[in-house]
Amino acid sequence: MVFSSILFLFLYLPLTLGIYYITPRRWRNLALLVLNLIFYGWGEPIYVLIMIFSILVDYSHGLLIARHRENDRFCRKVVASSVIINLGLLVFFKYYDFIVTNLRAIFPALSFLEPLGLGLPIGISFYTFQTMSYTIDVYRGDARAQKDIVSFSTFVTLFPQLIAGPIVKYKDVDDQLRERRESVEQFAQGVQTFVCGLGKKVLLANNIGALWEVYKTMDPSSLSVLGAWLGIVAFAFQIYFDFSGYSDMAIGLGRMLGFEFKINFDYPYISRSITEFWRRWHISLSSWFREYVYIPLGGNRKGLLKTYRNIFVVWMLTGIWHGASWNYVCWGLFFAVLLMVEKAFLLSILKKAPAALGHIYTLFLVLISWALFANEDISRAFGYIGAMFGGGNGLWDSASLYRLCSYLPLLLILVLASMPLGKKLWLRLKPSHRWGAAMVLCFLGLLLSTAYLVDASYNPFLYFRF
Amino acid sequence: MSKKQSIALCGLFVLFILVCAVLNLCWPDREFSPMENRTLAQRPDFSWKGLFSGEWTQDFETYLTDQFPLRDTWVGMKYICERAMLKQENNGIYFAGDRLIARFDPPDETRVEQNFTAVDALAQNTGLPTRFMLVPTSAYIYQDELPANAPSYDQQQLLDRAAALQQAENIPVHQALLDAREEYIYYRTDHHWTTKGAYLAYEAYMKAAGREDEILTQEELEAVKQETPDFYGTLYSQAGARFYEPDTITWYDFPGLTMEQPDKEPSSIYDRSYLDQKDKYSLFFGGNPPALTIRNENPEAHGTLLVVKDSFANSLLPYLAESYEEIHVFDPRYNRIPISEYATQCGADEILVLYQTGNFAEDVNVGLLSR
């Protein structure tokens, strides 16, 4: 089930909120668990079993560590076991076909291996990371082992962040799972965050996505420079508003249920360096990798060479985490190289340079990176980047000019919405006026989002041919 | 925000989703959407098998969205937002002043060539006078009203190719249509030409067929003229548009014309049951029946005409039916026998092939005419 659907908004959500709040406090985790499983199982009931398996593994591993705390060698083995099982699940379901196809291409002798064509269980990339970090945190002493299997299961299956993040660490919500006081103020904040996210996804991301859709399938050799850039700018806006909209909806829904999650996006497109960009983009993922890979590998404290190695490893993993395809590896390594260069000398130069230069430099490279990200076929990705620099078909074409004009008002809104302008205006508003503004904006947001969601299924069946 | 204000905001949100939820459950289900011209999804029967395969959940979601209360109103609201955002098209339909124009996508060159060759082959195989009319869409006639730089294929290429036919006689109509572009020759909300537009083609055809003196005069037409207002056509539906002036369909209720279809009673060429439906253009012959013969009882009528056509011809055929004793409509999709054989069977004296440019360029069945 996705948040931006009639089913979720007007059936699942009212039922869930109703059931949650009429349940006595001490049973709320259980109620939530059942609701989470319905949310997840909707459409893919079988894959619930994999998630339950993952829950049982880390629940028991956490308890084992808590019980044998004095035996460090044993505990390390328990952690290793959890990591292996979780990564095993992830690798099997997400990368098996990718690995097999590549192995077969390299070693023809392995041609007896067949791709399985299994569907990817929704959210597996997120919940395996969450459960894995739980066991690690218990071992490190950063989190208490959860003895109540209901609470632990509620954490893993928590529907707001289940399918598209943010990646919530157990230690951040431990207290809230044991004892949380929902309040009407928090709920009201949740409403605002949720509607904001809904609008970002349905009104902004989906609409600009239609522009990218036009260029996505075009042969790179037929793309003009204008068309290639217009396409990739559309994609950049689509992925940002889609993803951050989804995170906002998750944070908002969490608040409605009494949870506080950390922000996941912090206006990434205003960054003045790639280093800064990654501090603002998908924060929960980059901080996860920092905490559980980069720092354990030694971070930047074991000499320059090791630092570079660590950056390389982390960004290769970040790349492949986004999908089982070579273009994501390239995308990750592209950032690895940029981050190394920035670390070596560029960052200090950028700090002194005019702000505009930093913005242009960052946006330029981020757009190039999206061309790698958006084209799964790697040769197409390079063809596309080529077209951005004139390797396609001329400087501009009239169709792209038409689309630019047609989308100009939306593009302007997207530019403004990518900047903290709205937030600043909001803060300058008299506190007494904020309520009225919030009421109007929430109502409009809900109304228009519903209109666009209903319209998405508008499917006239007309015989133009006859 | 004070506690009271927070309560109000929460109330607004909860009320909105609750009201929509309750309405969605109580709202009567519709079978059919005239605006979309399709049947809407109905409540799927529950089965455990369907639940586990994911089929039931998917069907249920489609059902919920298809049957959402005031569906057409929400679609209209989205349309208004799109116009407010200065969008110049929706679903491939351009907003061109007071009319809607369908985008014309570049056709498949091989198919185009195949279809033109088939028309020549048809003339060759039957040995009958074969005339060909290619009707441009409003994107050609009102090209200058399209949004600036809007992509649309130049139909002139197709019209030029038609002029190069060898065996069949091409009757160009685009110039006459261009000359009359200020008049009401194309519907503003539908992709068809109007009955008036079709009249220009009728004149051209009659001249080419040597029946110039039989052409119906405006006075003759005026006597049997009928008008059906409030017609919102396919372009209007496709664009999900709002606030356009409806079109008016003009039709001529000629006496003495009957339409015959296999396994059906002979009937009027106009199916008046469509007059109070949305799909008013199906008034002509009740849409596009697979096989059709129009008979004229008037003693002055003479000759048998075989027609291969798309729906553009529907508003033209009534004029022709006033002159010909018999008109046979041949649809290559539904007839097993080659058209040349059929022409002999029905005793055709001449053949007309009439298509709109886009349909002609895309239709896979035109190729069957060469058999």
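Select Asn90(B) and Ile93(B) to start: Ile93(B), in β4(B), is the bridge partner of Asn90(B). The coordinates come from a predicted model.

Widen the selection to the strands on either side of this bridge. Strand β4 of chain B covers residues 93–96 and is joined to β3(B) by 2 bridges. The two strands run antiparallel.

Now add β5, residues 99–102 of chain B, to the selection. With β5 in view, the sheet has 3 strands, in the order β3-β4-β5 of chain B. The sheet is open and its pairing is antiparallel. Its edge strands are β3, at 89–90, and β5, each of which pairs on one side only.

Next come two stops chosen for their backbone angles. Most residues other than glycine have a negative phi.

Stay in chain B and go to strand β8, residues 225–231, where Asp230(B) is found. Asp230(B) is not a glycine, yet its phi is positive, about 60 degrees. Is this residue, Asp230(B), buried or exposed? Asp230(B) counts as exposed because it has 12 C-beta neighbours inside 10 Å, and a residue with 12 or fewer falls in that class.

Move to chain A and select the loop between α10 (225–256) and α11 (274–280), which holds Tyr267(A). Tyr267(A), also not a glycine, has a positive phi of about 50 degrees. How many C-beta neighbours does Tyr267(A) have inside 10 Å? The count is 16, so Tyr267(A) is classed as partly exposed. The class lies between the cut-offs of 12 or fewer for exposed and 20 or more for buried.

Technical notes
Residues are numbered from 1 along each chain as its sequence is written. Chains are lettered from A and ligands numbered from 1 in the order in which they are written. This is a predicted model: local features need pLDDT of at least 70, side-chain atom pairs count only at pLDDT 80 or more; totals for chains, interfaces and linings use all residues. Two strands pair if DSSP finds at least two bridges between them. Helices (H or I, at least four residues) and strands (E, at least two) are DSSP runs, numbered from the N terminus.
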